[in-house]
Every structure is written in structure tokens, then in C-alpha cells.
Amino acid sequence: MSTPTLLAEGLVQHFGRTPVLHGISLHVPKGSIYGFLGANGAGKTTTIRTLLGLHHPRAGTIRLFGEDLARHRIAILERTGTLIEHPSYYGHLSAVGNLKIVCRLRGLSPAGIEPTLHQVGLGDAMRKPVKRFSMGMKQRLGLAMALLPQPELLILDEPMSGLDPVGIAEVRQLLLRLNREQGVTIFYSSHILAEVERTATHVGVIDKGRMRFEGTLAELMAQQAAETVVRVNDTTAALATLEALQLTAHVREGRLHLPLLTDEATHALIQQLLGAGVQVYEVRGHQAVLEEQFLQLIQPTSASR
Amino acid sequence: MSYALAFARSFSTEVLKTRRTLAVWSTLLAPLFVVALTFATGLRRFADVTSYAGNPWVAYAADMYTFSTLLLLPLYIALLTYLLNALEHTSNAWKYLYVQPIPKSAVFYSKALYALLLFTLCMAILGGLTAGSGYLLGVLRPQVPFAAWSFWEPLGRITANIWLACLTIFSFQYVASALFKSFFVPIGIAVLATLMGAMLLQWEHADKLFVCYPTMAMFEIRGVTFPKAGNYLLYGAVQAVFVIAVGEYFIRRRRAL
């Protein structure tokens, strides 16, 4: 198994006396798209800042490309493109001017500027002062600044923030293309669960500074097996019928939730319920979506109301 | 990548960032403003040949640098250092700079060097314009023998002394404006430094107090040397290096906003 591109172990971070990260660990495999999920204030941005050396952790180790961040920070940053929270830009300069600064800081050729701006959809506005850009355009510029050095690892904090649906779709395609065609490893935080579901190969869920889950998207989804959902007029009578059939079920939002039944078992269940005088309105198979999984991870009680 | 290369890269971005900004314009316009005002008053003052004695360049430079040292330079230094650091504060750019493959100290010192070069350029322009306007004054007031005296020694020495005397205030302002976003901090320091500089001149330890140095240098032009001045220019240079080094230490340890 190859060394993870990003490996963090037991990160502890405090703001003053307030602990904000409680020993979190991250394993980002090479070539993966890692969606880092968490509610506002969960610790996503603090984690990203710590991973980049902007905050020194109280405890824990961070290795990128197999190298210790504390010792090889500059060499690591040469191979990394970043977008942290709100994009940084010099408003009085054009998009080209802002990228020229990146070129000078990193010793890059300016030849890459125009293709990169076209890549993020700023080809028509590259000479316009950035202070006249919309929020979405500034976000695209931030992405261009991260992409310009053609990094092996992209660390992006809310890259879809401020983008319209078209922009979100474009950025999604861009990230997928970079990952599939150039093998760029992408670690990004997001609130948009549907986007993570569409792009990520791996997922980490953070809540109140603690990791609640880390693994592949498939592993996360498999945590909640598919189920059969039944809507009836009388859940108490239905539960008694199910008990007689030695089926376990629980009631959530007025519906019965059972482990996924075969077609034959579903047919038998409906017959038994009707025979017991229970009116059956709806029977369907259901696979949890990422949002339900996420909510269950960060709010364990919300799913069993 | 060597530190020198990282420093050079960071320095070159400072030049690019500040093109056509107020930081550069103020460096060009501030001395022009002082010289224009002093030249206008000099025209009247030097109509009377009894208003000077000896080298007229010294008298002219004294007029020029009194106003500059007392008011303009503290404000200019505050404005310059604020504008250079405000570029990063308002652009939300510190965090971006600190995740580039450049040592944090190179970011800090390259900007400080650029600010110092602009300040030096401002002083050089002030000296150059003083010489030019003095010659013009000599043409318009032929009774004043500007052409008979060399301006190099008095103007060079006076300009260098004022520059040296302002170095610690410059360092202080640079560090303050890197630490704080608000313009009121550097302006407050400028006002406080000017007031303290005037009030504490007679204090027995005035030679150790950097706020007094510009005023000491200004009076020195007029031949007034304070008994407690000591080797204040040397102290000033040492303090300036100390302040900038301590400032860098604090800023490196600070969380990038």
C-alpha cells in the first residue's frame, strides 16, 4: 500500500484555553478525492490551517508526501495548492496581476496564467480589476491561484462557496478532471453534501473537533444498510403483526423501518398486514443518502425521532 | 530553495503589488509638497539678505527639514508602512502568503526592506529637490550666493542624519502596522512619538529614547546640540534593528488571520 499523500495523527489544537481539535486523525490516500464534512464550527477550517502550518498543533503529527510538515514545510508547500476560506486577492490588480504574484512567489513561468484562467472560467475577465469581480468570480480566482503551480495535492476549503449552480458543476468537473487525468490528490471541505457524494472517493466527518467517520464513500453508505419502509394507518397493530412474523422494525416519522426484504417477503408481509386489518398505503425500498448518514453521525438522536 | 532566492521572490512581489498605489505616489509627492511650500516661503525670506549668514544651503535646508521632520516624516512613515501592510490586511492575504513556499520571515523582511527603500527614496528625492530648488532660488534671488557654496556636504549630511534619526520610528511603525489592521494605531503612534520627542528632549536619558532623535537631528541643523544627545544616531540604528527583529519574532508566532 502506498504512503498516504496526507497523514495526520492525533491533532490537538486550542484557541487560548478552548480546545477545538481533540486528537483528530486523517488519512488521505494518493490519488483520492477526500471530502471533509462538518457543520459550521466543527473544526474544518482549523484543521486545514493546521495541516498547512498556519497553526501549530498542541499535539500530533502531520506528514504530507511522507515528509514531516514541521521539518519540511517549504518543500511540502511547493507541491501543494491551497484555497483557505475566503480567497485572498489584491483588489486593485487584475486576475492576471494576481496570478503574476503567484508566479513570482513560486518562480513559475507566466505562460501558465492565461490557460489557468480559462480553465476556471475567467478567460473573459482576466484584465478586469478583481475588486469588480462577483463573489463567484473571486472564488474562481482563488481556485486559479491554487491550480497555477500544478500541484500534486490540492487543499481547498469550501471551494464551491459563493458559486452558482453552473459554477458548482464546472468546478466539480474541473476537480474530477484534475484527479482522473493528472492524478492530483484533492482534499476539500464542504457543506454541500450532494457535491461530496458526486465527487469524493473518501470521506471524513468531523463534529465538534472530533472525527466521527473516516473511510471510503461506499463504506460510509454501507454503515446504514438498505431498508424497507412501510406506511400504514396503525403502526401499533402493524408492529404486533411484524412481531408475530419475527421481524424487527422501528418507527420513525410515522413509518415502519425494516431490514430490506426480498420481493417474496414483501408480498407475504403485505398479506399478513391486510389480514390483520391494517391498511397499507406504501411499501418501498430505501437506501440512505449521504445527508442522512451525515446527520446521523453528527446528531445521533435526530434519525430516531 | 535558498533563503536569498525566497527573499528575492518575495521582494519582487512587493514591487509588483504596489505599482501605481498610494504607497508609491506618497513617496514621490510628499517631498514635492514640502519643497514646493518651502521654496515659496524661501522666495520671500531670501529677498532679505540679512536672513541668513554663512552657507545659504544650511539655512535653506533648515527651513526645509524643520517642517518635514516635525510633521511630514512621522505622518509619511506611518502612512507608508500602513499602506504596505494594509495591502495584505484588506486583501485577506497573510494566510495566502504564509502557505506559499517562502519562509515567513522572508515575507516580513522583504516587505520591510521594500518599505525602507521607499522611505530612503523619499529622503533622496527630498534632498535632490532641495538642491534643485535651491539653485532655482539662487537664480531668482541672485543676491543669495547659493552657487558659491557646495550643497553636497550640508545636504548629504543633514538628509542622512534625519534618515538615521527616523529609523527606529520607522521600525516601530512597520511592526505596528503589520500587527494591527487599523490605521489609527500607526497614526496614534506617530502623534505620540512627535509629542514625546518634543517633551522629553531635556530628559537626562533622552539619548536612549528614539522618539527624541528626529527632533535632535532637526535642531542640530540649526547648530543646537542637546547636552544629553550623546551618540543618538548610533543608538537609533541599533534600536531600529532590535525593534524589527523582535517584531518579526512576534509576527511569525502570530496566527495568520
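This is a short talk on how the two chains of this model are built and how they meet.

Hi everyone, and thanks for coming. One thing before I begin: the model is predicted, so please keep that in mind as you look at the structure above.

Let me start with chain A. It has eleven helices and 14 strands. Its C-alpha atoms fill a box of roughly 80 × 45 × 40 Å, taken along the principal axes. Of its 305 residues, 40% count as buried. For those of you who like contact maps, take the contacts in chain A between residues at least 6 apart in sequence: 69% of them join residues at least 24 apart.

Now, where does chain A touch chain B? There are 20 residues of chain A in contact with 22 residues of chain B. On the chain A side, α2 (69-78) and α3 (95-106) each supply at least two residues. The largest share of that side comes from α3(A), with five residues. By class, the chain A side divides into nine nonpolar, seven polar and four charged residues.

On to the cores. The largest nonpolar core has 147 residues. Which residues have the most contacts inside it? From chain A they are Leu141(A), Ala144(A) and Ile186(A), and from chain B they are Ala61(B), Ile77(B), Leu80(B) and Cys166(B). Helix α3 of chain B, residues 56-90, gives the largest share of this core, at 17 residues. A second, separate core has nine residues, among them Val230(A), Leu256(A), Leu269(A) and Leu273(A).

Let me zoom in on Leu80(B) for a moment. Setting aside neighbours within four places in sequence, Leu80(B) is in contact with Ala23(B), Ser26(B), Thr27(B), Ala115(B), Leu118(B) and Phe119(B).

That brings me to the helix pairs in chain B, and I have three for you. The opening pair is α3(B) with helix α8(B), residues 184-199; they pack at an angle of about 155 degrees, with their axes 9 Å apart. That angle makes α3(B) roughly antiparallel to α8(B), and their crossing is right-handed. From α3(B), the contact uses Leu70(B), Pro74(B), Leu75(B), Ala78(B), Thr81(B) and Tyr82(B). Facing them from α8(B) are Pro186(B), Ile187(B), Ile189(B), Ala190(B), Ala193(B) and Thr194(B). By class this contact has ten nonpolar residues, two polar and no charged.

Next come helix α5(B), residues 104-140, and helix α7(B), residues 167-179. Their axes come within 11 Å and cross at roughly 130 degrees. That makes α5(B) oblique to α7(B), and this crossing is right-handed. Phe108(B), Ala112(B), Ala115(B), Leu116(B) and Phe119(B) in α5(B) meet Phe170(B), Tyr174(B) and Ala178(B) in α7(B). Here the classes come out as eight nonpolar residues, no polar and no charged. You may recognise Ala115(B) and Phe119(B), which are also among the contacts of Leu80(B).

The last pair is α6(B) and helix α10(B), residues 232-253, packed at an angle of about 45 degrees with axes 8 Å apart. These two helices are therefore oblique to each other. Asn161(B), Leu164(B) and Ala165(B) of α6(B) make the contact with Leu233(B), Gly236(B) and Ala237(B) of α10(B). This contact has four nonpolar residues, two polar and no charged.

While we are at α6(B), residues 152-165, have a look at Pro154(B), which lies in this helix. Why does Pro154(B) count as buried? The reason is its 20 C-beta neighbours inside 10 Å, where 20 or more is the cut-off for buried. Leaving aside neighbours within four places in sequence, Pro154(B) is in contact with Asn55(B), Trp57(B), Val58(B) and Ala61(B). Ala61(B) came up earlier, as one of the residues with the most contacts inside the largest core.

Finally, a treat for the backbone enthusiasts. Two residues have a positive phi although neither is a glycine: Gln246(A), at about 60 degrees, and Arg20(B), at about 55 degrees. Gln246(A) is found in the loop between α9 (235-244) and β12 (250-252) of chain A, while Arg20(B) lies in the loop between α1 (3-17) and α2 (22-45) of chain B. Are they buried or exposed? Gln246(A) counts as exposed because it has 6 C-beta neighbours inside 10 Å. Arg20(B), with 9 such neighbours, counts as exposed too.

That's my tour. Thanks for listening, and I'm happy to take questions.

Technical notes:
Residues are numbered from 1 along each chain as its sequence is written. Chains are lettered from A and ligands numbered from 1 in the order in which they are written. This is a predicted model: local features need pLDDT of at least 70, side-chain atom pairs count only at pLDDT 80 or more; totals for chains, interfaces and linings use all residues. Two residues are in contact if their C-beta atoms, placed from the backbone, lie within 7 Å. Helices (H or I, at least four residues) and strands (E, at least two) are DSSP runs, numbered from the N terminus. Ala, Val, Leu, Ile, Met, Phe, Trp, Tyr, Cys and Pro count as nonpolar, Asp, Glu, Lys and Arg as charged, and the others, Gly among them, as polar. A nonpolar core is a set of buried Ala, Val, Leu, Ile, Met, Phe, Trp, Tyr and Cys residues joined through C-beta atoms within 7 Å. A residue is buried if 20 or more other C-beta atoms lie within 10 Å of its own, exposed if 12 or fewer, and partly exposed in between; C-beta atoms are placed from the backbone. Axes are lines fitted to C-alpha atoms, for helices over the stretch in contact, and angles run from 0 to 180 degrees between N-to-C directions. Angles under 35 degrees count as roughly parallel, over 145 as roughly antiparallel, 65 to 115 as roughly perpendicular and the rest as oblique. A crossing is left-handed if the near helix is turned anticlockwise from the far one by less than a right angle, and right-handed if clockwise.
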